[in-house]
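Here are a few exercises to help you find your way around a new fold. Have a go at each one before you read its solution.

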Amino acid sequence: MLLTSSGGGGSSALQAEKTLSKELAAICGFAKASRGQVVKAVWAYAKANGLHEGKVIKIDKTLSGVFGKKKSIDAFKEMQQPLSAHLS
């Protein structure tokens, strides 16, 4: 039996607009966005500032407002939980 979902997929949580904290807005450049847009903006910030090496993002002063005192994060393993705390 094939199960289907109405609504075209399970990505609505990634597409729902959220309000960003002031710390996260400083990184992204906007106050409201979907989680997917926020992740893209964090990657763009890291790339623009030379802070990424593969999947590792080095934490600078601006990123520390969201990711704390760590020196770096594995973006695939350690990005989502801190971002959640800055989205409402």
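**Exercise 1.** Find which residues touch the most other members of the largest nonpolar core.

*Solution.* Start with the term: a nonpolar core is a set of buried Ala, Val, Leu, Ile, Met, Phe, Trp, Tyr and Cys residues joined through side-chain atoms within 4.5 Å. Buried means under 20% relative accessible area, exposed over 50%, and partly exposed in between (1.4 Å probe, protein chains only). The largest core here has 23 residues, and Leu24, Val38, Val42, Ile57, Phe67, Met79 and Leu83 touch the most other members. Next, look at the elements that give two or more residues to this core: helix 2 (22-28), helix 3 (35-48) and helix 4 (61-67). Helix 3 gives the most, with 7 residues.

A word on what you're looking at: this is a predicted model, where local features need pLDDT of at least 70 and side-chain atom pairs count only at pLDDT 80 or more, while totals for chains, interfaces and linings use all residues. Residues are numbered from 1 along each chain as its sequence is written, and side-chain values use heavy atoms, leaving out hydrogens and water.

**Exercise 2.** Work out how many helices and strands the protein chain has, and read off their pattern.

*Solution.* Helices (H or I, at least four residues) and strands (E, at least two) are DSSP runs, numbered from the N terminus. Counting them gives 6 helices and 5 strands. Now walk along the sequence, and you get α-β-α-β-α-β-β-α-β-α-α. For the whole chain, 32% of the 88 residues count as buried.

**Exercise 3.** Is Ala46 buried or exposed, and what does Ala46 touch?

*Solution.* First, place Ala46: it sits in helix 3. Then check its relative accessible area, which is 0%, so Ala46 is buried. Contact means heavy atoms within 4.5 Å. Not counting residues up to four places away in sequence, Ala46 touches Leu51, His52 and Ile57. Turn to Ile57 with neighbours within four places set aside, and its contacts include Val42, Trp43, Ala46, Leu63 and Met79.

**Exercise 4.** Locate Ile59 and say whether Ile59 is buried or exposed.

*Solution.* Look in the loop between strand 4 (56-58) and helix 4, and there's Ile59. Its relative accessibility is 15%, so Ile59 counts as buried. Skipping residues up to four places away in sequence, Ile59 touches Ser64, Phe67, Gly68, Lys70, Lys71, Ser72 and Ile73. Finally, try a distance: Ile59 and Lys69 are 10 residues apart along the chain, with 8.0 Å between their C-alpha atoms.
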